Amino acid sequence: GKYDVTMPIKDQDIFQTLVYCDFLFVPFCAGNFNLDSTIDFLKMALAVQDHKKDTDVPLSIYGYVSMFRSRTLANQRLKQDIKEIHNQTGVRFLDVELKDLTIYREADTITSLYDTKAYEINYINFLRWINQIANLLYL
């Protein structure tokens, strides 16, 4: 289902779906519109987390920076924003940003973009990112 701002959070289809999740990884991208929509989603996810807090399997929410370009002002502001989001919500953020590569926009979901035999910098960055997630899931 879609997120409907006119409905109460607990009546949303996505709320009902997230109740069954143990972990949620939320991408944060630079830019006002991206950040606004992510924060709206995060508010709903935090409501799910609060709903599940006394269950055997609470919802763990992690944020991560996606489509990161280190030398842009928008991403520098985003880094400041996520510190504030963490301080206000307690949401933890991954240490590794997922870099912005234009080629991602053209990729299919079956074939890897990376030559797994070559250790290019973007492949190494992706491995660091996915390993951080795997370590959180298998603690």
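Analyst: Two helices whose axes make an angle under 35 degrees count as roughly parallel. That cut-off will serve for one helix pair in this model, which is predicted.

User: To which helices does the cut-off apply, and at what angle do their axes cross?

Analyst: As a general idea, a packed pair of helices is described by two quantities, the angle between the axes and the distance between them. Here the pair is helix α2, residues 32-52, and helix α3, residues 73-89. Their axes cross at roughly 20° and come within 13 Å. With angles under 35 degrees counting as roughly parallel, α2 and α3 are therefore roughly parallel to each other. The crossing in which α2 passes α3 is right-handed.

User: Which residues make the contact between α2 and α3?

Analyst: From α2 come L35, I39, L42 and L46, and from α3 come L78, D81, I85 and T89. By class, the contact of α2 with α3 comprises six nonpolar residues, one polar and one charged.

User: How many helices and strands does the chain have, and in what order do they run?

Analyst: The protein chain has four helices and three strands. Read from the N terminus, the elements follow the pattern α-β-α-β-α-β-α. Of contacts in the chain between residues at least 6 apart in sequence, 67% join residues at least 24 apart.

User: In what order do the strands lie in the sheet, and is the pairing parallel or antiparallel?

Analyst: The three strands form an open sheet with the order β1-β2-β3, and the pairing is parallel. The edges are β1 (23-28) and β3 (92-93), each of which pairs on one side only. Helix α4, residues 121-137, packs on this sheet and touches β1 and β2. The direction of α4 makes about 155° with that of β1.

User: How many bridges join the paired strands?

Analyst: Six bridges join β1 to β2, whereas β2 (residues 60-65) and β3 pair over two bridges. Between β1 and β2, L24 has I61 as its bridge partner, and P27 has Y64. On the β3 side, G63 stands opposite F93.

User: Which side chains of β1 point to which face, and which are buried?

Analyst: The general expectation is that side chains of a regular strand alternate between the two faces of the sheet. Strand β1 shows this alternation. L24, V26 and F28 point to one face and are buried, while F23, F25 and P27 point to the other and are not.

User: How many residues of β2 are buried, and which way do they point?

Analyst: In β2, six of its six residues are buried, and the strand is mostly covered. S60, Y62 and Y64 point one way, with I61, G63 and V65 pointing the other way. For the protein chain of 139 residues, 31% count as buried.

User: Why does S60 count as buried, and which residues does S60 touch?

Analyst: Burial is read from relative accessible area, with under 20% as the cut-off. S60, which lies in strand β2, has a relative accessible area of 18% and is therefore buried. Leaving aside residues up to four places away in sequence, S60 touches D22, F23, L24, Q49 and R92. Of these, F23 and L24 are among the β1 residues that point to opposite faces, L24 being buried and F23 not.

Definitions and conventions
Residues numbered from 1 in each chain as written. Predicted model: local features only at pLDDT ≥ 70, side-chain atom pairs only at ≥ 80, totals over all residues. Heavy atoms only, no water. Pairing = 2+ DSSP bridges. Contact = heavy atoms within 4.5 Å. Axes fitted to C-alpha atoms, helices over the stretch in contact; angles between N-to-C directions. Parallel < 35°, antiparallel > 145°, perpendicular 65-115°, else oblique. Left-handed = near helix turned anticlockwise from the far one by under 90°. Nonpolar A, V, L, I, M, F, W, Y, C, P; charged D, E, K, R; others polar. Buried < 20%, exposed > 50% of the residue type's maximum accessible area, 1.4 Å probe, protein only.
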